[in-house]
Structures are given as C-alpha cells and as structure tokens.
Amino acid sequence: MAEPGERSKPLRVAIVGSGPAGFYAAEALLNHPELDVEVDMIDRLPTPFGLVRSGVAPDHPKIKNVIKRYEKTAGHEAYRFFGHVTVGRDLSADELAGLYHAVIWAYGAGADRRLGIPGEDLPGSHAATEFVAWYNGHPDFAGREFDLDCERVVVIGNGNVAADVARMLVLPREELECTDTAHYAIDALSETSVREVLILGRRGPAQAAFTNPEVRELGELTDADVVVDPAAVVPDEATTAFLGSEAADATNRKNLASFTGFAERPPAGKPKRVELRFLRTPLEIRGDGRVERIVVAVNELHVDESGVVRARPTAETETIECGMVLRSIGYLGTGIDGVPYDAIAGVIPNDRGRVIGEDSAPHPGHYVVGWIKRGPSGVIGTNKKDAQETIETILEDAAAGALPERRGLDRDGLPDLLGERGIRFVEFDGWEAIDALEQRLGTDAGRPRIKLTVLEEMLAAAGKDDDG
Ligand code: NAP
C-alpha cells in the first residue's frame with residue numbers, strides 16, 4: 001500500500017463501462033478541485049454512453065440530451081476513451097488493475113432475470129432487454145429476429161422497460177422514423193400484425209413499478225387504445241392498507257389514479273390496443289415448437305410479515321393465446337474473473353463503492369458504481385449520487401494510503417498493451433467519426449440519425465478497419 005500523502009504523480013483511474021454511472025464517476029473525479037487525476041474509460045463497444053444509446057427508448061429523445069453533459073466530461077484533457085476493448089477477453093481484470101491506482105467497475109447489468117417456468121426458452125419467448133437492444137441497434141443484437149407476425153404479444157412485468165417495449169410495438173411508422181430506432185427495426189415494427197399488447201403485472205395497479213409519465217404515455221398512443229378492467233382498479237384490503245401506510249408514495253397513488261382514468265375511458269376505436277392486466281403470474285409458456293399461449297395464475301394480494309404487499313396465487317388460472325412473449329422482469333448483473341461477485345444479488349459486493357471480498361475485507365484498488373454496484377434500479381440521474389459516494393470512498397482510501405502501490409505507472413501502459421495484442425481500440429475521436437457519419441446518414445434520409453449496427457462498419461467509420 002502507498003504511504004499516506006506519498007503520491008505526487010496523478011491518481012490514475014480506469015473506469016470500465018461508459019454508461020451514465022461511468023460518466024458521472026469520471027465527472028466527479030475530473031471536476032474535483034483538489035485532485036490531480038487521469039481517467040481512462042473502457043467500453044466493449046466502439047460507442048460510448050451505454051444504455052443511453054442502447055437502452056433508452058428511441059421515442060424518448062429528450063432523455064438522451066444527457067449525452068451533452070457526458071461529452072463535456074470526455075472533452076477534459078485528462079480523459080481518454082478506449083472503445084472496443086473487453087476486459088476478461090482482451091486483457092484480464094488483474095492486468096488492468098496493474099496499470100492503475102484504482103479501477104471502477106461500471107459495466108452495469110447486461111443479463112436478464114429468468115422466470116424459471118416451463119417454456120421460457122421456446123422460440124418467440126424473449127427477454128425484453130434483448131428486444132430493446134435490437135430496436136436500439138446494439139451490434140450484438142442487430143441480427144436477432146423477432147417474429148412479429150402475430151396478433152397478440154404478452155409483456156410480463158410492470159416496470160418502465162415493459163412500458164417502453166409495449167409502446168414501441170404499437171407506434172406508427174411516422175413516429176418511428178423521426179427517432180433513431182435502428183433502420184431494420186422500423187421496417188419490422190411498422191409491418192407487424194400485432195394488434196394487441198397485453199402487459200401482465202403480478203401485483204396490483206398500486207404496486208406497479210412504472211413511473212408516472214410512462215403510465216400516462218400509455219394513454220396517449222396515436223394508434224392504440226389503453227384498456228384496464230374497471231374491477232382491477234378497486235383497491236382490495238391489502239392495497240387499501242398499503243395506500244394508507246408510509247410504504248406507498250406519490251408514484252403509487254398517481255399510477256393508480258392514471259389506471260383508474262384508463263378504466264373509466266371508453267375505447268376510441270383505434271386500430272390497436274394496449275391492455276394492462278394485473279394480479280397475473282406466469283406459470284408456463286406453451287406451444288408446438290414456438291410460443292402459442294401462456295398460462296397464468298390469477299393472484300390475490302396480502303401483506304407479509306414485513307409489511308410488503310405480495311401476490312399469492314389463487315386456484316384460478318387463465319390461458320392467453322399469443323404469438324410472442326417479452327419477459328420484462330428486470331436486468332441482472334454478471335461477474336468478471338478476478339473480481340468478487342454476488343451471483344444471487346447480481347452485484348459486485350461493496351461498502352459505499354469499495355469492492356469487498358469474503359469476510360467483507362476490501363479488494364484493494366477496486367471500486368464499483370451504478371447497476372453493478374446497487375442492482376438495476378433507479379433512473380439515469382440516480383447514478384450521479386451513487387458515483388459521488390464511490391469517488392468519496394476512493395479519496396478516503398487514497399488519503400489513508402490504502403490504494404495499492406503502483407510504481408512507474410505510465411499513461412502509455414494501456415494503449416501499449418492493447419497495441420501489442422492487436423486490439424483495434426477506438427478513442428473518443430473515433431467515436432466522434434462514427435457519430436458524424438450516423439448523423440450525416442440521418443440527414444440524407446430525413447431522420448435524426450441512422451445508427452451503424454454492424455461492428456466492422458463501426459470500426460471502419462472510426463478508422464479502425466482491418467487495413468486501418
Ligand atoms: P423494474 O422497474 O425493476 O420492474 C420489474 C418488474 O418485473 C416489476 O413489475 C416486478 O414486479 C416484475 N417482476 C419481477 N420478477 C417477476 C417474476 N418472477 N414474475 C413476474 N413479474 C416479475 O425493472 P425494469 O422495467 O427492467 O427497469 C429497470 C430500471 O430501469 C428501473 O429502475 C426503471 O425505472 C429504469 N428505466 C427507466 C426508464 C425511464 O425512465 N423512462 C425506462 C426504462 C427503464 P414486482 O414489483 O412485483 O417485483
């Protein structure tokens with residue numbers, strides 16, 4: 001370990017992941033008034049911004065304005081971007097850590113939670129996260145096929161991702177073309193036979209995880225009526241107790257009010273419908289070689305010993321015909337070799353951002369921010385406070401001499417290693433070249449942007465094609 005106060009050279013920090021959590025961590029370091037710091041940010045894609053580019057729904061362009069703030073951070077002279085570099089493949093976590101005083105893991109939650117029911121892997125049953133990555137042009141998902149020639153799609157889950165995919169399934173072509181939706185997805189989504197999206201929640205409307213604007217939007221769709229059974233919005237005993245308790249917040253109450261409004265509203269006769277059906281837990285997905293129907297339990301609510309409203313199945317079940325199921329029950333983190341990992345929680349165990357191993361002992365020089373720190377919850381801005389906490393922990397450790405001693409650290413360490421291994425890493429100006437090309441293609445087609453969705457095309461645009 002370094003002696004307290006020993007360091008006269010800059011603090012060298014690697015951040016793995018260039019989504020909101022990574023960028024807020026970089027911003028907190030680079031804007032610190034007393035810190036001499038150099039930040040290298042690594043991403044496995046040639047493009048930065050994580051879920052802001054490949055997760056945020058394309059019809060929510062304002063949310064993506066936060067990129068301007070991240071670009072400001074990237075413009076700092078002590079910031080560098082290394083895209084198209086996968087830790088765990090191109091270099092190990094230990095090799096990376098050996099080049100920096102601190103590594104901040106900020107790679108989010110890339111997998112999805114499983115339902116654990118029969119038929120979950122039938123063709124036509126997909127994780128909603130994959131569908132999201134597909135319509136957002138993520139190169140790993142651009143080749144996926146979603147069979148959209150069915151009348152009814154069932155979406156499982158009552159979170160904002162479920163709301164996003166439901167909207168995307170019923171937007172008319174003109175409302176897709178004015179977004180940065182991947183070009184292939186615009187064609188596929190505009191030509192679907194989908195007439196109904198059925199969103200299933202296992203608990204009631206007052207316990208849904210949606211935020212209020214996302215619920216309101218479901219009632220404002222150009223081509224789809226929103227449908228809620230009036231009986232579903234009458235609070236039962238458990239919900240009445242919940243709404244009267246401190247556990248319920250304004251979001252719960254406003255959501256219930258919106259759902260009540262939907263239930264009272266006569267259908268306007270639009271060509272499509274989005275129905276929200278509550279108190280339904282999937283039991284089995286069935287079909288002859290592909291999804292044809294889903295069997296669900298009809299639930300009732302009760303308050304458990306800790307005061308939480310939970311769903312439990314009644315004897316009643318329901319079978320719903322459908323051609324596609326999107327499982328939208330949350331993202332899940334994944335581990336990385338050489339770094340402690342809690343596979344059950346899907347997070348890197350940590351104390352205020354300081355990675356800890358067995359017996360809660362610190363794993364020196366390793367820190368964590370964002371979804372891989374706290375799980376897949378909260379909105380983009382939640383990551384700001386989260387990152388600040390981790391940076392304070394790093395500074396505490398630096399002041400206490402608890403960062404690993406690294407003699408002779410050199411700014412060329414990472415680019416030299418990657419160069420020796422023939423890794424075609426993309427720097428921030430390479431991303432800017434991709435960005436400029438995407439915008440130019442968009443302008444030519446009368447769209448805001450046409451995303452490059454093939455890895456080699458991205459690398460070529462960044463000047464990193466095979467001959468480059
Ligand atoms: P989420 O908000 O955690 O919602 C997950 C949903 O899945 C909940 O309704 C949950 O029900 C349900 N669920 C979990 N396990 C289930 C099971 N085994 N069977 C049936 N249902 C199950 O997750 P998300 O929608 O993936 O969103 C992730 C985060 O990103 C959230 O914080 C979200 O707000 C954020 N996000 C924000 C935006 C936006 O701001 N516009 C857009 C997209 C995502 P219970 O409540 O009963 O557990």
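The overall fold, the ligand site and the cysteines of a predicted model are described below.

The protein chain contains 16 helices and 18 strands. Its radius of gyration is 24 Å, close to the 23 Å that the globule rule gives for 468 residues, so the chain is as compact as a globular protein of that length. Along the principal axes, the C-alpha atoms of the protein chain occupy a box of roughly 70 × 55 × 40 Å. Of the 468 residues in the protein chain, 54% are buried.

The ligand is surrounded by 20 residues, of which Asn-158, Arg-202, Arg-203, Glu-214 and Gly-378 come nearest. By residue class, this shell comprises eight nonpolar, eight polar and four charged residues. Helix H6, which spans residues 160-170, gives the most to the shell, with three residues.

Polar contacts to the ligand involve both backbone and side-chain atoms of the protein. At Asn-158, a backbone N or O atom is placed 2.9 Å from an oxygen atom of the ligand. Arg-202 approaches through its side chain, with an N or O atom 2.8 Å from a ligand oxygen atom. Glu-214 is instead paired with a nitrogen atom of the ligand, which lies 2.7 Å from a polar atom in the side chain of this residue. Taken alone, the ligand exposes 920 Å², and the protein buries 79% of that area.

The count of disulfides in the model is zero. For Cys-150, the closest cysteine sulfur is that of Cys-322, and the two sulfur atoms are 7.6 Å apart. A disulfide requires a pair of cysteine sulfur atoms within 2.5 Å, and the separation from Cys-150 to Cys-322 is therefore too far for a bond. Considered from the other side, Cys-322 is likewise in no disulfide, the nearest cysteine sulfur being that of Cys-150 at 7.6 Å.

Both cysteines were also assessed for accessibility, for which a residue is classed as buried under 20% relative accessible area. Cys-150 has a relative accessibility of 10% and so counts as buried. Cys-322, at 7% relative accessibility, counts as buried because its value also falls under that cut-off. The pair thus consists of two buried residues whose sulfur atoms are not joined by a disulfide.

Note on methods: Residues numbered from 1 in each chain as written. Predicted model: local features only at pLDDT ≥ 70, side-chain atom pairs only at ≥ 80, totals over all residues. Heavy atoms only, no water. Near = heavy atom within 4 Å. Polar contact = N/O pair within 3.5 Å; in protein donor to acceptor, adjacent residues only side chain to side chain. Areas by Shrake-Rupley, 256 points an atom, 1.4 Å probe, with all protein chains shown as cover. Helix = DSSP H or I, 4+ residues; strand = E, 2+ residues; numbered from the N terminus. Nonpolar A, V, L, I, M, F, W, Y, C, P; charged D, E, K, R; others polar. Buried < 20%, exposed > 50% of the residue type's maximum accessible area, 1.4 Å probe, protein only. Rg over C-alpha atoms; globule rule 2.2 N^0.38 Å.
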